[in-house]
There are 2 protein chains.
Amino acid sequence: MTKRKFSGPLRGMRILEIGHFIAAPFCTRLLADLGADVVKVEPLSGDPVRKWGDSVDGKSLWWSVHARNKRSVAVNLKAPGAAGVILRLVRDCDALVENFRPGQLARMGLSNETLRRENPALVIGHVSGYGQDGPYRDRAAFGVIGEAIGGLRHLSDHPPGTSDLPPVRVGVSIGDSLAGLYAALGIVSALWQRDRAAGDGRGRTVDVALTESVLSLMEGMLPEYGETGKVRQPSGSRIPTAAPSSAYPTRDGKWVLIAGNSEPLFQRLCALMGGTDLAGDPRFCDNPSRVANVAALDDMIGAWTCQFEAATLLDLLEKADVPATRIYDAADCAADPQFRHREMVREVEDPLFGKALTHPGIVPKVTDDPGEIRWCGAAIGEHTDEVLAGSGFTLPEIAALREKEIIA
Amino acid sequence: MTKRKFSGPLRGMRILEIGHFIAAPFCTRLLADLGADVVKVEPLSGDPVRKWGDSVDGKSLWWSVHARNKRSVAVNLKAPGAAGVILRLVRDCDALVENFRPGQLARMGLSNETLRRENPALVIGHVSGYGQDGPYRDRAAFGVIGEAIGGLRHLSDHPPGTSDLPPVRVGVSIGDSLAGLYAALGIVSALWQRDRAAGDGRGRTVDVALTESVLSLMEGMLPEYGETGKVRQPSGSRIPTAAPSSAYPTRDGKWVLIAGNSEPLFQRLCALMGGTDLAGDPRFCDNPSRVANVAALDDMIGAWTCQFEAATLLDLLEKADVPATRIYDAADCAADPQFRHREMVREVEDPLFGKALTHPGIVPKVTDDPGEIRWCGAAIGEHTDEVLAGSGFTLPEIAALREKEIIA
């Protein structure tokens, strides 16, 4: 393949993505942000995310971020001969990532065994709803369902008996994103072992399930249930084990988060609230007492906060050095001086839109080799010729593949 | 240091953790699960998480998971001479991870420069609330506040005007866990570049902020706001761009998630609902129409679902091949046959408790080299002598350090 200039800790790594929707493409966005050369294989009609969310002239704004730093190769994987194209590309890659339903890639002629005949040291990452084996393996992988099975949805709710509404969806595709993160970690880990001086040169297989990525974050839920039989319940805007920490109302109808859940912080909050009797109240003398009496405590704090406009309240809390914040929306995030200082919100020229768009920055920030946003989400097949030529396809071969509508 | 038998793709990697609470220790749990030898430095009184959540005889059950596969070395970092101990340990490590407030490690005599004098190729991972520089760098890093600043809290709510309650906290410390995941990815990426044959042998610095880890997951939020000015709002239990997908009530007072948000799935759901006029209704003829009329659509589906007990409803939906699930709680997760099949829920002997505890499995699953749960969260300083001796401390040196209460 042709050489492009890359920086970042994954410079020199090449990844083939046969992904769609969120999980696998989010995995490769992370890898590409860190410097990997990601070649995304997409259908001739493009990844469906090209139409998702708000768009301008039919072009999704999300796509600009989701596909940034990747090269797009358009291949009709259902066409006879397509698997042969992929197998030639795979020879030049360190890893392949895909998120079809389990078994579908093999049915297209791209089983792990076939892939490793071309490239024995290939690391293969599979991302799916439930994993590559087991009784649920063939179920459709819907994010909201995976999040519910992983145990997260149950806890994203108000305490039992306080609301007639269902538990909310975390407002983003958290299960898919987590699966993408875990896949990225697994792939780079496998490559570290393969490529280091004392490593074994082996291509490993990484099998990430959305449900499992969520379950993995559930803290002490499993041993606590196993040992005490206690089923953890949602706690709304509070933390179940520390108080006070919640959202409190203001006079102008907003919510302010206050974290007063350590002794010095609680003392500072009490001093700020002044006239009230919080500090001397035995119900609130230590954290276990405050947790046991949290409703009364929060009522008192709420009665105090709702005397103030949010801006005034936040000013008071900041001066008293009590951690607090308003709840940021998109406009707040975009304007935040810390995000701007750290280039976590930045403007990036997108030729597809003919202007600069606002992008999130590169996480994790590698201070001395941060990588860069080299380009925004590409047009369908923008790099097909370049990538194929780089992998040794001749111009007549490329023309023939295009003629047969195997590539575009 | 002494040799222990490890498996998993990070076998042969050694990490020094100077962490506490969640973010850095979660990072190292991930690395240790994948086979890294993690040495956790904790105060003589132990990491506070040893007391968090449900406990048995004063021992936190969460700790069994949170600290598994790590070796515990107890060091009083405030004691004169402690920095010297760390600097000797660092010589044998590939990376160090810490989550003090920015600058605190340097004040203890362990600046990046000092650390790299001992080990020039050391990868250093800093995890903090807001990052190592910028106007907010010195603010306290409370998870709930970071999640709000990252934009997630605003969206974890019912639509504006439908509830008087505040947006909920996702029921786990999602911001800390995300920061830990990003730190793990950054560290392994830096080590891949350092250690591969064509690599540069350099120790990089990874600077992960909790707020930024959350912001990084916000999909198209930033370019959408930047371009259209639209501020994304919460959508409760629905997905804003696809319908029907929500939680629906049942006769026995439960919620069932149904994802009927593709043409074939919606057709199957309509057929199952039978008598209703959904299928032919022009308001629901395609996804944009369904999204525009989602309240009416969900009312009709809810009127149908609440005729059934949850178990009956799920049975009907499964037979009709419409993706659906009840919302799992801890008991459901622990019993799930898929999690059990994939060893994502398993029993592990914990000598500290004198019995087997229920643990989550190892994610990501590396099929051909999955790593193992070698041991559960250790006692404070359980491995102090072993680790120090392995790094060349003599028995009299170790005794003298203990005598001075620098180690335990």
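Two strands are taken as paired where DSSP finds at least two bridges between them, and the strands themselves, like the helices, are DSSP runs numbered from the N terminus (E and at least two residues for a strand, H or I and at least four residues for a helix). In this sense β9(B) pairs with strand β10 (residues 255-259) of chain B in the antiparallel sense, over five bridges.

This is a predicted model, in which local features need pLDDT of at least 70 and side-chain atom pairs count only at pLDDT 80 or more, whereas totals for chains, interfaces and linings use all residues. Residues are numbered from 1 along each chain as its sequence is written, chains are lettered from A and ligands numbered from 1 in the order in which they are written, and side-chain values use heavy atoms, with hydrogens and water left out.

**The sheet of chain B**

The pairing of β9(B) and β10(B) belongs to an open, antiparallel sheet of three strands, ordered β9-β10-β11 in chain B. Its edge strands, each pairing on one side only, are β9 (245-249) and β11 (324-326) of chain B. On average, neighbouring strands of this sheet are turned by 25° against each other, direction ignored. Within β10(B), A259(B) is the bridge partner of S245(B).

**The sheet shared by both chains**

A second open sheet has seven strands with mixed pairing, in the order β5(A)-β2(A)-β1(A)-β6(A)-β7(A)-β8(A)-β14(B). Here β5 (70-74) of chain A and β14 (365-366) of chain B are the edge strands, each of which pairs on one side only. Strand β6 (residues 95-98) of chain A runs parallel to strand β7 (residues 123-128) of chain A, the two being joined by four bridges, and L96(A) stands opposite I124(A) in β7(A). Strand pairing also links strand β14 (residues 365-366) of chain A to strand β8 (residues 205-209) of chain B, which run antiparallel and are joined by two bridges; in β8(B), D207(B) is the bridge partner of K365(A).

Helices that lie on these sheets are listed below, with contact meaning heavy atoms within 4.5 Å, and with angles running from 0 to 180 degrees between the N-to-C directions of axes, which are lines fitted to C-alpha atoms, for helices over the stretch in contact.

| Helix | Strands | Angle |
|---|---|---|
| α3(A) (residues 82-90) | β1, β2 and β6 of chain A | about 160° with β1(A) |
| α8(A) | β1, β6, β7 and β8 of chain A | about 165° to β7(A) |
| α13(B) (residues 294-305) | β9 and β10 of chain B | about 40° to β9(B) |

**The interface and its salt bridges**

In the interface, 145 residues of chain A are in contact with 145 residues of chain B. The two chains bury about 12,400 Å² between them, 66% of it on carbon and sulfur atoms, where buried area is the accessible area (1.4 Å probe) that two parts lose on being put together, summed over both.

A salt bridge is a side-chain nitrogen of Lys or Arg within 4 Å of a carboxyl oxygen of Asp or Glu, and by this rule 14 are found across the interface of chain A and chain B. Helix α8 (residues 174-195) of chain A gives the most to the side of chain A that touches chain B, with 15 residues. One of the salt bridges joins R11(B) to D200(A), with the closest N and O atoms 3.8 Å apart.

Over all chains the count comes to 68 salt bridges. D33(B) and R29(B) also meet in a salt bridge through their side chains (3.5 Å, N to O); because they are four residues apart in helix α1 (residues 23-33) of chain B, about one helical turn separates D33(B) and R29(B).
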